[in-house]
Amino acid sequence: MCFCANLPVGVRHNGSTPVPRLLDTLHRPLRSLRVSVTDRCNLRCAYCMPELDYTWLPRHDLLTFEELGRLVDVFTGLGVDRVRLTGGEPLLRKDLPAFVAQLAARPAITDLAITTNGVLLADLAQPLRDAGLHRVTVSLDSLRRDRFERLARFDELDRVRAGIDRAREVFGHLKLDTVVMRGTNDDELVDLLEYGRGVGAEVRFIEYMDVGGATQWRPAAVVSRREMLDGLERHYGPITPLAEDSAAPAERFCLPDGLVFGLISSTTAPFCARCDRARLTADGLWLLCLYATRGLDLRGPLRAGASDDALRDLIAQQWEARADRGAEVRLESVDRKAWIAADTLRANRHLEMHTRGG
Ligand code: SAM
Ligand code: SF4
Ligand code: SF4
């Protein structure tokens, strides 16, 4: 069946070409694609890769840039106009700027961003900017060296800060993402905001999520959006929410002195109702939700010679049938604990956050 038959009224302009709007069963459009370019990582963050050993996706399964680019084109043909490169650690992928240049040349992509842990950013910021990357988000969970090392298992804070400085020089602006964990870094919110102010970065605090990989997750370790706002108000005074109509996960707020920051409350107040994003793993599995237990294999048909139309129909059918609201379903669970046990993760790497790209 051709997906066009089921399209609702209304088009969006994607570059210069009108693109029919594809909606899922909850009327959510497909607009944003997170592309994981590798599952490998040079850190071991406690909330993402806390185990001692990991096995990786087989190298021959990883899609080439040409294959990834072709899939991205199929997605933009269905309405995707925002692409974020992620991982694992995306800067570990060899020749990443060459892939960025490929994507940046596509007029349909109006927002091309990357999420990185920043360790390798000092050297790569300029090549990425030159290749046409629009935006950078750096994950930073602590400004204290000993704590950073405890949290990420590598003493890399200095390199991350150098990467942030360089990204600021090259891009002029950036975002910093912090996963807040009780008893770990929840006393650093003010320090991180002030650091962000100093380097011209908008800081976003993320609630600790029980995603695949977070094997040490427990409810008590979650610092809720409400707690974070209360703590910041005690320090700064009244905080004003910014009125924004967007599918972006972060709610944005303004301090009395005008500093803007974000909160991503995926655990206590999920935003599934307006979720327009899907994820592509480095080996071509397409996931409709961060909590999906299964995905659609696109590598198989791609390597078997499927046409763009065939791939488009496959993707469109899946999106039109999509009813995923994983974080909301997790919120309804009683006696909530880590979502997936380490043994199960070892048997299925695709369930891992570092494979899905966050
Ligand atoms: N390695 C890159 C990085 O850390 O920025 C990109 C991949 S990482 C999986 C993407 C995002 O997922 C990061 O911002 C990270 O903080 C977030 N993340 C990973 N595990 C998480 C968890 N359990 N709860 C909330 N966010 C998490
Ligand atoms: Fe940390 Fe990102 Fe690596 Fe996960 S993928 S361990 S969040 S740096
Ligand atoms: Fe979207 Fe799934 Fe995350 Fe909800 S849990 S916001 S549906 S990816």
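In this predicted model, the second largest pocket is lined by Leu288, Ala292, Thr293, Arg294, Gly295, Leu296, Gln318, Ala321, Arg322, Ala323 and Asp324. The volume of this pocket is about 200 Å³. Five of the lining residues are nonpolar, three are polar and three are charged.

An enclosed space is also present. Searching the whole structure for cavities of 30 Å³ or more yields one. The largest cavity, with a volume of about 70 Å³, is lined by Glu51, Asp53, Tyr54, Thr55, Ala342, Leu345, Arg346, Arg349 and Glu352. Five residues of this lining are charged, three are nonpolar and one is polar.

Ligand 2 is surrounded by Cys41, Leu43, Cys45, Tyr47, Cys48, Met49, Gly88 and Asn117. The shell around ligand 2 holds six nonpolar and two polar residues, with no charged residue.

The table sets out the three groups of residues by class.

| Site | Nonpolar | Polar | Charged |
|---|---|---|---|
| Lining of the second largest pocket | five residues | three residues | three residues |
| Lining of the largest cavity | three residues | one residue | five residues |
| Shell around ligand 2 | six residues | two residues | no residues |

Helix H2 spans residues 96-104, and its buried residues are Leu96, Pro97, Phe99, Val100 and Leu103. Viewed down the axis of H2, these buried residues lie within an arc of 155°, and therefore they line one face of the helix. An α-helix has 3.6 residues a turn, so residues three or four places apart point the same way. The elements that cover the buried residues of H2 include helices H1 (65-76) and H3 (121-131), together with strands S4 (82-86) and S5 (111-116).

Note on methods:
Residues numbered from 1 in each chain as written. Chains lettered and ligands numbered in written order. Predicted model: local features only at pLDDT ≥ 70, side-chain atom pairs only at ≥ 80, totals over all residues. Heavy atoms only, no water. Buried < 20%, exposed > 50% of the residue type's maximum accessible area, 1.4 Å probe, protein only. Helix = DSSP H or I, 4+ residues; strand = E, 2+ residues; numbered from the N terminus. Arc of directions from axis to C-beta. Contact = heavy atoms within 4.5 Å. Near = heavy atom within 4 Å. Nonpolar A, V, L, I, M, F, W, Y, C, P; charged D, E, K, R; others polar. 1 Å grid on protein atoms, 1.4 Å probe; cavity = no way out; pocket = protein on both sides within 12 Å on 5 of 7 lines; lining within 4 Å. Points joined across faces, edges and corners; volume = space filled by probe spheres on them.
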